[in-house]
Amino acid sequence: MKKVPMTAPIAEICGDEMAHVLWTDVKEMLLLPFVNLKTVSVPRDDSAALTPFAAAVQCSAAGHEIDRGLTPLPVEGVPDVTDTQAAVANADDTAVFQTVHGSLPKHFAQYLKGEPTDANPIATVLVWSNALRANAEVTENEELSQFCDDLESALLTVLGEDIRTADLADDDTDEIVSAREFLAYMRSELEDIYEDDEPVILSITDEDGTANDMEIVWEAVIGDDRFAVLVSTDEDNDDLLILQVVTDEDGDDNYVTPARWAVDVVYELFMENFEDAE
């Protein structure tokens, strides 16, 4: 799958507790698999409250002022969806987008216990969408702008199917899910749009020089790194291979040998996913 290109980075300022967890989950589950994401990390000044304007002042990356409102997403039958929107401010020609729900300490306590949380990820999704859309406007990147449309469409589709985190559920017909389950539903919608119809087949040469056609059957994102699991197209060959996927500036995927620790982690995740599917 060729990923959506970016030609200029956006700056990230780390939030606290559950806000940081949601930020990372959205990034790993909804962005990195589809976008050649370019970001720079800006250290947070903890001496002051991270209001949108304070964040704009802190942001050291040079940008372009974008005087724009936020994208409203009214959904019939879903109360206060637009209240989860992001705040925005401009300072020193830098546009900043931030969720307004705080650090969600109750949900973070559940997260630290290893429990699934039903924290609502919608605001975080919209912060990313607005920031990427602003980037697309400045860089005149139509593909990235279209991805933002698709991301918000995936959000509305999932909500339209009565899939909710607990705070939005209003009747017995809603399917109540955790934050990561909600994002997984969104990812499935995006995969329907961006996954290639044809399987990705790579010709892999064995140590003895024999060529073996292998198909990518599963992908995983760990941090900022993406990995692919491949199996042989020969039914009599049960070889399995794990490669790291590195996307170049043109958005093309290249496949390299990953670190040993990554192989072990990805294999374990793949087997867990395989068992769940069965």
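Let me start with Asn135, which touches Met6, Ala8, Pro9, Ile10 and Leu144, leaving aside residues up to four places away in sequence. Before going on, a reminder that this is a predicted model. Asn135 sits in helix 4. Its relative accessibility is 7%, so Asn135 counts as buried.

The two neighbours in sequence can be taken next. Ala134 is also a helix 4 residue. Its relative accessible area is 5%, so Ala134 is buried. Ala134 and Phe97 are 37 residues apart along the chain, and their C-alpha atoms are separated by 9.8 Å.

On the other side, Ala136 is found in helix 4. Ala136 counts as buried because its relative accessibility is 4%. If residues up to four places away in sequence are not counted, Ala136 touches Asn141, Leu144 and Ser145. Leu144 is therefore one to look at for both residues: it is listed among the contacts of Asn135 and among those of Ala136, where contact means heavy atoms within 4.5 Å. Ala136 also has a long-range pairing to report: Met6 is 130 residues away in sequence, with 8.1 Å between the two C-alpha atoms. Met6 has come up already, as one of the residues that Asn135 touches.

Now helix 4 as a whole. It runs over residues 122-139. How many of its 18 residues are buried? The count is 15 of 18, and helix 4 is mostly covered. As for length, its end C-alpha atoms are 26 Å apart, which agrees with the 26 Å that 18 residues should span at 1.5 Å a residue.

What comes just after helix 4? There Glu140 takes a positive phi of about 55°, although Glu140 is not a glycine. Glu140 belongs to the loop between helix 4 and helix 5, the latter being residues 142-160. Is Glu140 buried or exposed? With 71% relative accessibility, Glu140 counts as exposed.

Asp162 can be put beside it. Asp162 is a residue other than glycine with a positive phi, in this case near 65°. Its place is in the loop between helix 5 and strand 5, which is residues 163-164. Asp162 has a relative accessibility of 31% and so counts as partly exposed.

Next, helix 1, residues 17-31. From first C-alpha to last, its 15 residues reach 21 Å, close to the 21 Å expected at 1.5 Å a residue. Helix 1 is mostly covered, with 11 of its 15 residues buried. Among the buried ones are Met18, Ala19, Val21 and Leu31. Charged side chains are on the list too, so here are those names: Asp25, Lys27 and Glu28.Helix 1 packs with helix 6, residues 179-194. Two packed helices are described by the angle between their axes and the distance between the axes. For helix 1 and helix 6, the axes come within 10 Å and cross at roughly 25°. The two helices are therefore roughly parallel to each other, an angle under 35 degrees being what that term requires. The crossing is right-handed. Which residues meet there? On the helix 1 side they are Leu22, Asp25, Val26, Glu28, Met29 and Leu30. On the helix 6 side they are Ala179, Arg180, Leu183, Ala184, Met186, Arg187 and Leu190.

Last, the sheet. It is an open sheet of 5 strands in the order 7-8-9-10-11, with antiparallel pairing. Strand 7, residues 201-205, and strand 11, residues 253-256, are the edge strands, each pairing on one side only. From one strand to the next, the twist averages 45°.

To finish, strand 7 in some detail. Its covered face holds Leu202 and Ile204, while Ile201, Ser203 and Thr205 make up the uncovered one. Strand 7 and strand 8, residues 211-222, run antiparallel and are joined by 5 bridges. What is the bridge partner of Ile204 in strand 8? That partner is Asn212. Thr205, from the uncovered face, stands opposite Ala211 in strand 8. The two strands form a hairpin with 5 residues between them. In the turn, Gly209 has a positive phi of about 90°.

Notes. Residues are numbered from 1 along each chain as its sequence is written. This is a predicted model: local features need pLDDT of at least 70, side-chain atom pairs count only at pLDDT 80 or more; totals for chains, interfaces and linings use all residues. Side-chain values use heavy atoms; hydrogens and water are left out. Helices (H or I, at least four residues) and strands (E, at least two) are DSSP runs, numbered from the N terminus. The expected span of a helix is 1.5 Å times one less than its number of residues. Buried means under 20% relative accessible area, exposed over 50%, partly exposed in between (1.4 Å probe, protein chains only). Two strands pair if DSSP finds at least two bridges between them. Axes are lines fitted to C-alpha atoms, for helices over the stretch in contact, and angles run from 0 to 180 degrees between N-to-C directions. Angles under 35 degrees count as roughly parallel, over 145 as roughly antiparallel, 65 to 115 as roughly perpendicular and the rest as oblique. A crossing is left-handed if the near helix is turned anticlockwise from the far one by less than a right angle, and right-handed if clockwise.
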